[in-house]
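Student: Could you take me through one part of this model slowly, strand by strand? I'd like to know how its neighbours are arranged and what covers it.

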Amino acid sequence: MGNELADVLVVGAGPTGLVLACDLARRGAAVRIVDRSPAPPRTSRAKGPNARSLEILDDLGVADEVLAAGSDPLPMLKYRDRLPVAETDPWADSAPSPGAPYDRGRLIAQWRLEEILRERLAGYGVRVELGREVAGLTEAADGRHVDVKFAEGRTERVRYVVGCDGAHSSVRKLLGIGFEGTTAEDQVMVCGDVYLAEGALDRTRWHQWFDEDGAVMLCPIPGTRTGWWFQAGPERDGRGRPLAPTADGFRRLLARHTALPGRALTRAELLSTYRVNVRMADRFRAGRVFLAGDAAHVHAVAGGLGMNTGIQDAFNLGWKLGLVLAGHAGAELLDTYEEERLPVAARTLDLTSERLRATLEAIRRPGGGLDAAITPDTTGLGVGYRWSSLALVHDEASRPYETSRPDEAPRPGDGLPGSPQPGDRAPDAPCVDAATGARTRLHRVLAGPRTTVLGFGPGSAAVLGEVAAAYGDTGVRTCRVYAPYEGGARSGPGTAVVDDEGHAAAAYGTEAFSDTDTGTVIVVRPDHHLGLSAPADDAGSVHAYLRRLHGAGRPRNGSPALVDAARKG
């Protein structure tokens with residue numbers, strides 16, 4: 001039995017597990033991360049983060065590295081009978097906006113993204129423990145820890161376990177959690193990382209050959225000179241059964257569908273067969289053990305939401321575990337992980353299946369291609385939790401934490417018009433730092449592992465002062481958002497920004513305030529989702545919401561005893 005009691009053991013060191021470990025580590029949690037692989041995989045697999053995942057990576061401080069290592073999504077060049085017939089740029093009409101500076105995702109090899117996240121995690125003193133496979137999980141009778149048995153025979157004790165170990169999750173199987181759904185045996189694709197002779201194809205395009213008897217897709221892997229993602233319909237035997245992928249088979253497929261000779265493919269590695277699986281765990285939590293990413297849900301690749309949904313699972317769970325471990329929030333906060341993310345996963349399964357059907361229909365016609373899978377839903381920016389018990393509407397103050405009925409709540413991903421409501425993603429907005437005069441963005445203010453209380457209008461100053469006095473630096477920050485015409489000293493507790501172009505007021509639906517207006521206070525959760533929007537004279541609702549997440553505030557003597565007591569428990 002290990003002597004040290006870790007706060008969280010993350011099982012699986014793909015993007016989901018690494019994002020979760022980074023988020024927990026920066027909160028000061030004692031986190032460990034293990035992976036059964038003896039070395040970090042060198043696979044490209046997922047093609048990169050979508051717009052919402054880029055916001056999360058920005059919050060974790062690695063977006064600049066991801067942007068530098070990757071490339072913008074490429075125009076798609078479609079072929080029929082080896083000849084180009086159409087070119088489409090799915091992002092041609094898209095542009096960054098004040099509320100969403102990332103309007104599209106980024107192409108980057110998965111191994112490179114994982115490398116960037118491992119480096120960030122190492123900066124917190126945490127390294128992936130490779131070659132360690134979980135073989136048993138036993139929750140203590142008193143419900144205060146989990147004993148984890150590893151394949152090498154060692155047993156170690158931790159407070160919480162999160163299975164981020166993929167579609168064949170050992171954690172999920174050990175828990176006996178069902179993984180119901182379907183496998184489409186007839187929808188098969190062979191994949192791999194291949195290398196083409198230099199100059200064989202234009203690397204500024206994603207090339208897609210769709211013929212009646214098969215298909216080949218080649219997308220350049222950023223950061224490589226001759227590397228490409230290869231996807232194709234498989235070769236089949238005399239009985240129509242798909243053959244296993246081989247380098248020679250890839251060369252034959254290349255020669256059959258494209259104008260390139262088979263010898264142009266100089267190397268193929270990390271070969272795999274993909275079948276469309278649409279499955280979801282029937283629960284995302286069993287006591288002190290959670291599931292995230294592919295361990296909890298798998299779906300069609302259309303729309304590129306697999307890795308991204310996992311990253312967003314991790315960002316939802318990380319802050320909740322952090323607050324419970326620090327002793328601020330009660331353990332019931334952890335129930336909201338499944339409450340919020342299971343409906344999102346269910347909607348994602350529906351969305352990707354719908355996009356797959358649209359794509360299969362599109363490629364039957366010359367000029368159709370993978371652009372049929374891309375819709376505004378696939379950016380992830382519209383995902384919210386209006387049905388959540390953490391989404392407090394002001395007029396529900398008498399029943400602040402009752403969950404909306406599912407048939408009354410909007411579906412996850414619905415891009416509903418109007419001002420953001422509790423549960424929705426918090427919009428970004430360009431603004432000016434009131435102290436320095438430097439240009440900044442509201443998401444920079446929101447960045448980091450804290451809850452943020454935004455105050456609009458002069459009337460918000462009082463409640464911001466009360467919040468700052470109650471919580472100080474114990475996980476809650478305040479930010480006064482000044483309108484450009486507000487005069488006087490722009491000072492007070494916390495951060496202050498000037499909404500010099502009015503984008504923040506427009507994004508959050510706050511009125512133009514005068515000195516006599518009440519103002520509005522908005523509580524933004526650590527994962528950039530609105531928790532509460534209330535008139536500034538309703539300080540009670542603000543304090544009630546913060547108490548649920550952060551307790552009553554810092555002890556009067558500033559003692560860290562609460563954290564220590566939580567860890568000793």
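**From a hairpin to a covered strand**

Tutor: Happy to! Let's warm up on a small piece: β10 and β11 form a hairpin, with 2 residues between them. Before going further, note that this is a predicted model, in which local features need pLDDT of at least 70 and side-chain atom pairs count only at pLDDT 80 or more, while totals for chains, interfaces and linings use all residues. Residues are numbered from 1 along each chain as its sequence is written, and side-chain values use heavy atoms, with hydrogens and water left out. Helices (H or I, at least four residues) and strands (E, at least two) are DSSP runs, numbered from the N terminus.

Strand β10 covers residues 206-211 and runs antiparallel to β11, joined to it by 5 bridges; two strands pair if DSSP finds at least two bridges between them. Gln208 has Met217 as its bridge partner in β11. On its other pairing, β11 is joined to strand β12 (residues 227-232) by 5 bridges, again antiparallel, and here Met217 is partnered by Gln231. A hairpin links β11 and β12 too, this one with 6 residues between them, and Gly223 in its turn has a positive phi of about 85°. Of the 7 residues of β11 (214-220), 6 are buried, where buried means under 20% relative accessible area, exposed over 50% and partly exposed in between, with a 1.4 Å probe and protein chains only.

Now for the strand that deserves the close look, β20. It is mostly covered, with 6 of its 6 residues buried. Thr451, Val453 and Gly455 are buried on one side, and Thr452, Leu454 and Phe456 on the other, so both faces are covered. Strand β21 (residues 476-482) pairs with β20 in the parallel sense over 6 bridges, and Leu454 finds its bridge partner there in Cys479. Between β20 and β21 the chain passes through helix α10 (residues 461-471), making a right-handed β-α-β crossover (with the strands pointing away from the viewer, the path from the first strand over the helix to the second runs clockwise). Strand β23 (residues 520-524) runs antiparallel to β20 and is joined to it by 5 bridges; Phe456 is partnered there by Thr520.

Phe456 also leads us to the aromatic pairs. Rings of Phe, Tyr and Trp (its six-membered ring) pair if their centres lie within 6.5 Å, and planes under 30 degrees apart count as stacked, over 60 as edge-to-face and the rest as tilted. The count comes to 7 aromatic pairs. One of them joins Tyr385 to Trp387, edge-to-face at 5.9 Å centre to centre with 80° between the planes. Another is formed by Phe456 and Tyr508, tilted, with centres 5.8 Å apart and 40° between the planes. Phe456 belongs to β20 (residues 451-456) and Tyr508 to helix α11 (residues 503-508), so this pair ties together parts 52 residues apart in sequence. Both rings belong to covered residues: Phe456 is buried at 2% relative accessible area, and Tyr508 counts as buried at 5% relative accessibility.

To put the picture of β20 together: β21 is its parallel partner, β23 its antiparallel one, and through Phe456 an aromatic pair reaches across to α11.
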